[in-house]
Amino acid sequence: MEPRAVGVSKQDIREQIWDHMESQNLADFPRPVHHRIPNFKGSYLACQSIKDLDVFARTQEVKVDPDKPLEGVRLLALQSKKTLLVPTPRLRTGLFNKITPPPGATKDILRKCATSQGVRNCSVPIGLDSRVLVDLVVVGSVAVSEKGWRIGKGEGYADLEYAMTVSMGAASNETPVVTIVHDCQVVDIPEELLEEHDITVDYILTPTRVIATGCKRPQPMGITWSKISWEMIEKIPVLRSLRAREQQAGKDVTLQGEHQYLLEPGRQQAVPLSAGRRPPDTPGPEANSMEAAGGSPPGEGAPLAADVYVGNLPRDARVSDLKRALRELGSVPLRLTWQGPQRRAFLRYPDSAAAQQAISCLQGLRLGTDTLRVALARQQRDK
């Protein structure tokens, strides 16, 4: 099946494949396949071909996406006694879960462990400091080309998971990538549709073919922070932690539209320039104070955001003065809350480590003739 070439977009290709699989009854549960990594009839057969790949035989730790058509690969990994890592759904609670079948698990139990229910019930979380070394990545796809170009369902999670894996040192540019698709999902994809954060694939497995793409396009070398939005930072705690690490290591972690982030004088909240108001799901100052005191949203086990109190601001100080100083010191916060009449401000950082680092940088900072007072927001409140 060949996509229309004139003015084709990634979404055009997705829609064409989804429509074709539904109309030709190639899709399997769950249906409809639109807006999904499509499960297809024959997916288990396609998964079996991975046993014949040297890269699978050599692997010790394999990361397999939680998509339904990859269930057969997850089962084979467990049967081969390989370490199986599965990304947490939408990265809400971390990056990986390690699937841990019970001792003496039968084939039926392993089969259940390979399902989405097994991923939830038979796994333990893997933290950023865990010493994992992924030597094979298996991803789902909506479309792939024989050259190795890949299109996902459009949310970018597979690309982000790969980039985060590289950033935490658990994978490298040499880590092979495999995808499992129906034959109709192998199409021509214009190279100009590829972006720098897109991953490519080395092997394509279908019910009838094993395709070695020989792709030479370099994989992403880590997270492209300029593609990450404030909304993603708020929703993915592990992403905040990685950003704090890379910021402390001196890397450029400027987010998408961060240079447009401003604070309107007299307001009690930060305002994105592009929107003119705070996104509705962004916590306000009250939420910040609660988190700094030790509160956390239910179910989140990731590091909490922390606030830094900045006091003794000059009476004539402006927001731009403080923002300029923060940029020069390399301590740009996630959010700046300005309370000029009270001669204070609050800076929000992704976690307590980043907040402590900022406090060290800001000690002794002067605006005009006044030396600012800097402390964790909770400490200042207690005092």
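Strand E1 (residues 61-64) and strand E2 run parallel and are joined by three bridges; strands here are DSSP runs of at least two residues and helices (H or I) runs of at least four, numbered from the N terminus, and two strands pair if DSSP finds at least two bridges between them. The model is a predicted one, in which local features need pLDDT of at least 70 and side-chain atom pairs count only at pLDDT 80 or more, while totals for chains, interfaces and linings use all residues. Residues are numbered from 1 along each chain as its sequence is written, and side-chain values use heavy atoms, with hydrogens and water left out.

Within the E1-E2 pairing, Glu61 stands opposite Thr83 of E2. Between the two strands the chain passes through helix H4 (residues 71-79), giving a right-handed β-α-β crossover; that is, with the strands pointing away from the viewer, the path from the first strand over the helix to the second runs clockwise. E2 also pairs with strand E3 (residues 96-99), this time in the antiparallel sense and over three bridges, with Leu85 matched to Lys98 of E3. Four of the five residues of E2 (residues 83-87) are buried, so the strand is largely enclosed by the rest of the structure. Buried means under 20% relative accessible area, exposed over 50% and partly exposed in between (1.4 Å probe, protein chains only).

Turning to the interior, buried residues make up 50% of the 383 residues in the chain. The largest nonpolar core has 46 residues, of which Ile13, Ile50, Val138, Ile180 and Ile189 touch the most other members; such a core is a set of buried Ala, Val, Leu, Ile, Met, Phe, Trp, Tyr and Cys residues joined through side-chain atoms within 4.5 Å. H4 supplies the largest share of this core, with five residues. Beyond its neighbours within four places in sequence, Ile180 is in contact (heavy atoms within 4.5 Å) with residues including Phe40, Pro69, Val73, Val138 and Leu205. Another core, of 38 residues, lies apart from the largest one and has Val144, Tyr162, Val201 and Trp225 among its members.

Trp225 also appears in the surroundings of Thr254, which touches both Trp225 and Ser226 when residues up to four places away in sequence are not counted. Thr254 lies in the loop between helix H9 (237-248) and strand E11 (261-262) and is partly exposed, with a relative accessible area of 39%. Its C-alpha atom is separated by 9.3 Å from that of Thr224, 30 residues apart along the chain.
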